[in-house]
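Let's take a friendly walk through a protein model, one strand at a time. Have the sequence and the 3D view ready.

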Amino acid sequence: MDKISPVSTNLLYAYKTQANVPAESKNNSNTTTIAPDIVKKETADATKAYAIVAPPQKSAPEKKSIDELKADLTSQGKVEGKDFTVRKDEKDSQLNIIEDGKTVKVYRFMNNGEKKEDFDAIQEFSYPLDSSKGLKQVETMYGADGDFRFRMTRYEKDKSPYKDDIVNYETKPYELEEKLKAEGIKFSRDTVYADLGYTVKITAFDPKKDEITRYEFSYPNDSDKVNAVSKCIIDKDGSLSAEIMFRNDETVYTDFHDNLIPENLNREERIAYIQSHGGPGLKS
């Protein structure tokens, strides 16, 4: 267990947009199919809902500076403040593409974005036409070379596919420990203190599944009311594979492997696609 390193939502800070994105807009969909035999239940549940708003498969984008990108948009008749917004800073910069009043794409840059080499990543946002099933938004991050970084799927708290998971926003650490004991799952507990609060971490090992899962309960100082509860799924290499974050108003599933598969691939092509995107191969 020494191989497992602490992971929190701070891991996503460099990749997440700083703008608050509303929850409903038009569908930016592309046909995909799910391979339930090569993804875990948690991933399968999320991707089934995600498939209705899945963005297209990405290729390496042309690298441009933030000013070059702005000039391209202006030449197309796009208006700054209406069709796109720009934020420049010495540490990082971004250009947001807006459609129907919603942010649908974010170009992220290192530094002030003056050089094309500063181009760092693209975020794409998709929204369901019908939010009755609780799916609010899907955010996908690709690197400057088109490499997949993560996919974040947001659900309404009471409608998410994880509402009956072993933990949720209301779960207390001792309640989780009782459930783990009842299922014969070994675990360890640690508390980490910081300036603004503390985190109770419970790392569990299930010998039946040969699987390690870490649960985190984040509290502000001098309070027993949790900020968030997370379930971190660890892969065989000891790296974070996926995370489910339970908050008071929503549940967020973040996948660090691209487990969506393009349509019309045969078995061998599906295996190659999954392996090339950092996912597991098919079980024999």
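Start with strand S12 (240-246): 7 of its 7 residues are buried, so S12 is largely enclosed by the rest of the structure. Here, buried means under 20% relative accessible area, with exposed over 50% and partly exposed in between (1.4 Å probe, protein chains only). Helices (H or I, at least four residues) and strands (E, at least two) are DSSP runs, numbered from the N terminus.

This is a predicted model, in which local features need pLDDT of at least 70 and side-chain atom pairs count only at pLDDT 80 or more, while totals for chains, interfaces and linings use all residues. Residues are numbered from 1 along each chain as its sequence is written, and side-chain values use heavy atoms, leaving out hydrogens and water.

Now look at the partners of S12. Two strands pair if DSSP finds at least two bridges between them.

| Antiparallel pair | Bridges |
|---|---|
| S11 and S12 | 6 bridges |
| S12 and S13 | 5 bridges |

Cys 232 stands opposite Glu 243 in S12, and Ile 244 stands opposite Tyr 253 in S13. S11 and S12 form a hairpin with 5 residues between them, and Gly 238 in that turn has a positive phi of about 85°. The hairpin of S12 and S13 has 3 residues between the strands.

S12 also supplies at least two residues of the largest nonpolar core. That core has 23 residues, and Phe 246 is one of those with the most contacts inside it. A nonpolar core is a set of buried Ala, Val, Leu, Ile, Met, Phe, Trp, Tyr and Cys residues joined through side-chain atoms within 4.5 Å.
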